[in-house]
Amino acid sequence: MAIAFFSLALFLFLSLDSDLPYSPTSSVSAASSEGVEVQITYGSVLKLMHEKTKVRLHSHEVPYGSGSGQQSVTGFPSVDDSNSYWVVKPELESSAKQGDTIKSGTLIRLQHMRTRKWLHSHLHASPISHNLEVSCFGGETESDTGDHWKLTIEGSGKTWKQDQKIRLQHVDTGGYLHSHDKKYTRIAGGQQEVCGVREKRAENVWLAAEGVYLPITESK
């Protein structure tokens, strides 16, 4: 596991964050965080775990057979899958830098590490429950407000930390990132549907789990 995290950390610095300012004094930490408080910062690579069902937010190069036809997003039951890694990025036109902490109420984007597309939503119906479809869309030079998600921390925390309960609300549609025990049989057999719902429910709570977390940038 440590070797896998180190490899991911190396890949991160070589290729992931070309659009965020790089600090030559920074280091990368692979976090298992037992007993250690880990802050989430821009540029970090992580897996989001669904609090209710424990699946990881996941995507792969398989399009939806209905709705938008864009790249599908699912809940993946296994921890060990590289298609469940996401890079935390600031909203468009933001002055935020790599290593900045992220406060509750901030707008963020999540970029799928493998395919470079953005976590996205719109008014198309999701395939199983007919809620709001959640997809991956765009790329390095293609992003819009449909990729913006408002981070809200559950409880008293002010900045995002690993293993802290959060909600992600899609800015354009108002839908919360949501999953449930309804599973696909065709496009991603055995994987759970991920969708958006406009009501706060227990099923739209997530936590930052496994990942490579960049250290906080020290103010000068």
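A residue counts as buried when its relative accessible area is under 20%, as exposed when that area is over 50%, and as partly exposed in between. The exercises below use this rule on a predicted model.

**Exercise 1. Classify Glu-93, Ala-202 and Arg-116 as buried, partly exposed or exposed, and say where each residue lies.**

Step 1. Glu-93 lies in the loop between strand 5 and strand 6. Its relative accessible area is 84%, and because the limit for exposed is over 50%, Glu-93 is exposed.

Step 2. Ala-202 belongs to the loop between strand 12 (192–197) and strand 13. With a relative accessible area of 41%, Ala-202 is partly exposed.

Step 3. Arg-116 sits in the loop between strand 6 and strand 7 (118–125). Its relative accessibility is 16%, and because buried means under 20%, Arg-116 counts as buried.

Step 4. Now look at the backbone of two of these residues. Glu-93 is not a glycine, although it has a positive phi of about 65°, and Arg-116, which is not a glycine either, has a positive phi of about 70°.

**Exercise 2. Decide which part of the model should not be read in detail, starting from the pLDDT values.**

Step 1. Begin with the whole protein, for which the mean pLDDT is 87, while 83% of the residues reach 70 or more.

Step 2. Then look for a stretch that departs from this picture: over residues 1–27 the pLDDT stays under 50, and the model has 48 contacts beyond four places in sequence for these residues.

Step 3. Where pLDDT is low, the predicted coordinates should not be read in detail. The stretch to treat in this way is residues 1–27, where pLDDT stays under 50.

**Exercise 3. Describe the overall fold in terms of secondary structure, burial and contacts.**

Step 1. Counting the elements gives one helix and 13 strands, and reading along the sequence gives the pattern α-β-β-β-β-β-β-β-β-β-β-β-β-β.

Step 2. The protein has 220 residues, of which 51% count as buried, and it exposes about 10,200 Å², with carbon and sulfur atoms supplying 51% of that area.

Step 3. Among the contacts with a separation of 6 or more, 68% are between residues 24 or more positions apart.

**Exercise 4. Find the residues with the most contacts inside the largest nonpolar core, and follow one of them to its partners.**

Step 1. The largest nonpolar core holds 29 residues, and those with the most contacts inside it are Leu-48, Leu-57, Leu-119, Trp-160, Leu-168 and Leu-177.

Step 2. Several strands each supply at least two residues of this core, including strand 2 (45–50), strand 6 (107–112), strand 10 (166–170) and strand 13 (206–213).

Step 3. Take Trp-160 and leave aside its neighbours within four places in sequence; its contacts then include Gln-39, Leu-48, Val-88, Ile-108, Leu-151, Ile-166 and Ala-208.

**Exercise 5. Work out what surrounds Ser-44, and which atom of Leu-214 lies 2.9 Å from its side chain.**

Step 1. Ser-44 is in the loop between strand 1 (29–31) and strand 2, and it is buried, because its relative accessible area is 0%.

Step 2. Leaving aside neighbours within four places in sequence, Ser-44 is in contact with Trp-86, Val-87, Val-88, Val-212, Tyr-213 and Leu-214.

Step 3. The atom asked for is the backbone nitrogen of Leu-214, which lies 2.9 Å from a polar atom of the Ser-44 side chain.

Step 4. Pro-215 is 171 residues from Ser-44 along the chain, yet the C-alpha atoms of these two residues are separated by 8.7 Å.

**Exercise 6. Identify the side-chain polar contacts of Ser-179 and His-112.**

Step 1. Ser-179 is in strand 11 (residues 176–183) and is buried, with a relative accessible area of 0%. Its side chain makes a polar contact of 3.0 Å with the side chain of Gln-192.

Step 2. His-112 is in strand 6 and also counts as buried, at 0% relative accessibility. The side chains of His-112 and Thr-115 are joined by a polar contact of 2.8 Å.

Step 3. Beyond neighbours within four places in sequence, the contacts of His-112 include Ser-59, Gln-71, Tyr-85 and Cys-136. Cys-136 is itself buried, at 2% relative accessibility.

Definitions and conventions:
Residues numbered from 1 in each chain as written. Predicted model: local features only at pLDDT ≥ 70, side-chain atom pairs only at ≥ 80, totals over all residues. Heavy atoms only, no water. pLDDT = per-residue confidence, 0-100. Contact = heavy atoms within 4.5 Å. Core = buried A, V, L, I, M, F, W, Y, C linked by side-chain atoms within 4.5 Å. Buried < 20%, exposed > 50% of the residue type's maximum accessible area, 1.4 Å probe, protein only. Helix = DSSP H or I, 4+ residues; strand = E, 2+ residues; numbered from the N terminus. Polar contact = N/O pair within 3.5 Å; in protein donor to acceptor, adjacent residues only side chain to side chain. Areas by Shrake-Rupley, 256 points an atom, 1.4 Å probe, with all protein chains shown as cover.
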